[in-house]
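Student: Please take a close look at a single part of this model, one beta sheet, and then place it in its surroundings. Which strands take part, what packs against them, and how does the rest of the model compare?

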Amino acid sequence: MSSNKIVIFGYGNHGKFIAQGLAEDGLSVSIVESKKERVDDAMSDGFTDVFLVDVTKDSALTKMHLDTFEQLVCVMDDVHLNVFLTLSLRSLYANAYILAISDSLNATKKLQMAGANKVIDLYEVSANKIYNILDKPIATKVLEDFVNNKSGITFKEMLIPPNSFLDGKMANEVDFSSHGVLLIGMIDEELGHTFVFVTAGISHKLDSGDTIVCLGEQKELEAFEALIKKKEERGVNI
Amino acid sequence: MKELLLSFALFLHRSTRYKAIKAFAKQLLFDTNSSYKRYFDITIIFLVISSVFILIYEVKHPVPEWLDNYDIYVVSFIFAVEYLLRLWVHNDLSELLIKEYNDSKFLNKEFSLYTVLKAGLAEKLKYMFTPSAIVDLLAILPAYRPLRILRIFILFRVFKLLRYTKSINQFIDVLVTKKFELLTLLFLLFFIVSISGIAIYVLEADINPHIHTLFDGLYWAIVTISTVGYGDISPVTDIGRSISMLIIISGIAMISFVTSVLVSAFSERLSELKEHRIVDQMNKSTSFMIVCGYGQMAKMFFRQQRREIGAYVIMDTDATRVEAAKKDGYIAIHDDASSHKTLSRFDAQYCQITILCLTSSDVENIYITLNAKSISRHIKVIARVNNPETVNKFTYAGADELLLPNFVANTMIYTAITQPTMYKAIHAILTGKSIANLDEIHVHNSHAIKGKKVEDLDFGASKLLFLGIHRRGEFIFNPPKSMEIETFDVLLVMGRKISLEYFKSQHEGDINVKQ
């Protein structure tokens, strides 16, 4: 996982859900709010690093030393404030990784212009989902269960360590499904840290340092990760 | 007599055959979705057109006798049968008779044949005096040969065609709304025409060589007031000319008044007429979508246009939003989807209707869902849920699919934070990017892959990733290689669109042969 220190701006509709999810995963979460009652709400939900800050003031933001955090998540309920905040953060910290939520196409553009690294459009994803439901209801349902980890089947990223049995093999040579997992794609460092779907049709050489993304049951995934971490035993045919 | 009629009515009441015939006649005449009606309509239209054609041809050319006989006997006979059928199915005398008999037995009063027959026949008579019934009757008349003047009634056959156009009914509807204004004008017209017609007759009948009767005078008045002015009759005295000037001026005033009344009546009803048309158009397609609420969500939905969405209509209770949708180039009507009347205009029996409840209010969305489901269980409802606490209510209301924008977005953000690389993958799958297109292969009865084992299906060759099988509501992830594919399985595969199409074409190759 890329980060362990995350700041969430806003403890409203979205902030609450995200903060709780992240806390469950054991990540360190700090919450910044400009409303007193929301701060209290966060406190009563068990968060300790909650700050009451007027996010429109640069001086207040500088004081927080946000450069020590790896991800800044802007999910204020007020879109205007969200854009303003993104812009302030970008101007203060040129290298910060900023994630923002948007609730309209116009806001998405503004957030991107303001310098957010990733913008998630509330309605875009939902609109997409309608198309998916209309086109392929079963696939959508199954996929949703994967993403929300409802069916016990989920995605997992795995780093191929040096000397793993996968190191140097072509992706289509390895029979993943006999291990109970499926290879979805990989992040290829040779191609410059891009995610490549296995279905793209290009046969990839797996190298140590590559990250592969697999789909499978939690248990099987863990077993498989343990397997690839094992030093390669020559002669054993897998 | 009474007993005889009653027992006959009872016989009809019990006869399933009689009922079936009557139902068929009804279907033939009224059921717009029946193919019989379509053939019937085409036949009638053909008869009308051919009959009128013969009438025109006859004026200058001799007509062969068989054609004449066809025109007079065949066409008229079919029209007569149609007329009688319509009269027959209009109401049910025998049922009425039996009901009255049962009622009077229940109340211990004497059964009176007279009142029942009177009520039933009055109903039939009422039908006979409706405009369409009169037209039907007149269309039969030309069959009476000795009176050649009746030939002109063939033109009434053309009026039969009016039954097939909705616009004439709508036109009449519009006129009815302006009944008061039009009647006032008509009265005024009648008044002016009769006054001036009588005046010219009295003043010029002896002087003017063209005016002989009162009819001439009235004819002149009408021709003048309508500003047509043939000129075959014109006033010759000064006083006659003065009357002409007065009627010409009042005629212009009246025509402009009538025009303005009609125009305003139509413009008032125009949007409503257009919406009627849209609904009719929708009902003609086999499946369509009703999008309720034109807000952020709906805008985004339409803007993406990932595929042809087919027939659709946007419905909103807010007129400004409807205007906005129209301005954006979409089909929209201003109506309330939560009212029973609105949704029941759509034909849920024959069309597959999908309703998207995308308003920002959960209360509204639940109400629309319930409304749709109360009209027909077949209507598919995809509802937007804003507050996750109301999910249960939506499932109770019967929504087929739920959409939680906040939840979806939150999950995405959450994934973006915890698993940034995964985010890309999931996002690509969710948005259906071409390489990561997750698709379903539905195995039908004659599908070539039915009965094959999983290992026999070479997904790798077409660069597809096989995820699993959805069978009887459960998803089997990464099934064992020896598992056999059954009918009604849904295979979930991921890959490029071309790969999928290639795979499908490879394995569905022989359905056409089997079907």
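Tutor: Two strands count as paired if DSSP finds at least two bridges between them. The model under discussion is predicted.

The part I choose is an open sheet of four strands in chain B, with the order 7-10-8-9 and antiparallel pairing. Its edges are formed by strand 7 (437–442) and strand 9 of chain B, each of which pairs on one side only. Averaged over the sheet and ignoring direction, neighbouring strands are turned by 25 degrees against each other. Within the sheet, strand 8 (residues 465–471) and strand 10 of chain B run antiparallel and are joined by five bridges. On these strands, B:His470 stands opposite B:Val490 in strand 10 of chain B.

Two helices pack on this sheet, and they come from two chains. Helix 7 (residues 137–148) of chain A touches strand 7, strand 8, strand 9 and strand 10 of chain B, and its direction makes about 130 degrees with that of strand 7. Helix 20 (residues 497–507) of chain B touches strand 7 and strand 10 of chain B, at about 15 degrees to the direction of strand 7.

The loop between strand 9 (474–477) and strand 10 (490–495) of chain B contains B:Phe488. The phi angle of B:Phe488 is near 70 degrees, a positive value in a residue other than glycine. B:Phe488 has 13 other C-beta atoms within 10 Å and is therefore partly exposed. A second positive phi, near 60 degrees, belongs to B:Thr227, also a residue other than glycine. B:Thr227 is placed in the loop between helix 11 (214–225) and helix 12 (238–284) of chain B. Because B:Thr227 has 12 C-beta neighbours inside 10 Å, B:Thr227 counts as exposed.

Chain B also holds an open sheet of six strands in the order 3-2-1-4-5-6, with parallel pairing. Strand 3 (332–334) and strand 6 (401–403) of chain B stand at the edges with a single partner strand each, so one side of each has no neighbour in the sheet. Its neighbouring strands are turned by 20 degrees against each other on average, direction ignored. Strand 5 (residues 380–384) and strand 6 of chain B run parallel and are joined by three bridges, and B:Arg384 stands opposite B:Leu403 in strand 6. Chain A reaches this sheet as well: helix 6 (residues 122–135) of chain A lies across strand 4 (352–357), strand 5 and strand 6 of chain B, at about 165 degrees to strand 6.

These helix placements belong to a contact that takes 60 residues from chain A and 55 residues from chain B. On the side of chain B that touches chain A, helix 18 of chain B gives the most, with twelve residues. By type, the residues on that side divide into 31 nonpolar, 15 polar and nine charged.

The nonpolar cores draw on both chains too. In the largest core, of 88 residues, the members that touch the most others include A:Ile8, A:Val73, B:Cys292 and B:Ile413. Helix 18 (residues 405–418) of chain B supplies the largest share of this core, seven residues. A second, separate core has 46 residues, among them A:Ile153, A:Ile160, B:Leu438 and B:Ile441.

Methods
Residues numbered from 1 in each chain as written. Chains lettered and ligands numbered in written order. Predicted model: local features only at pLDDT ≥ 70, side-chain atom pairs only at ≥ 80, totals over all residues. Core = buried A, V, L, I, M, F, W, Y, C linked by C-beta atoms within 7 Å. Buried ≥ 20, exposed ≤ 12 C-beta atoms within 10 Å, placed from the backbone. Contact = placed C-beta atoms within 7 Å. Nonpolar A, V, L, I, M, F, W, Y, C, P; charged D, E, K, R; others polar. Axes fitted to C-alpha atoms, helices over the stretch in contact; angles between N-to-C directions.
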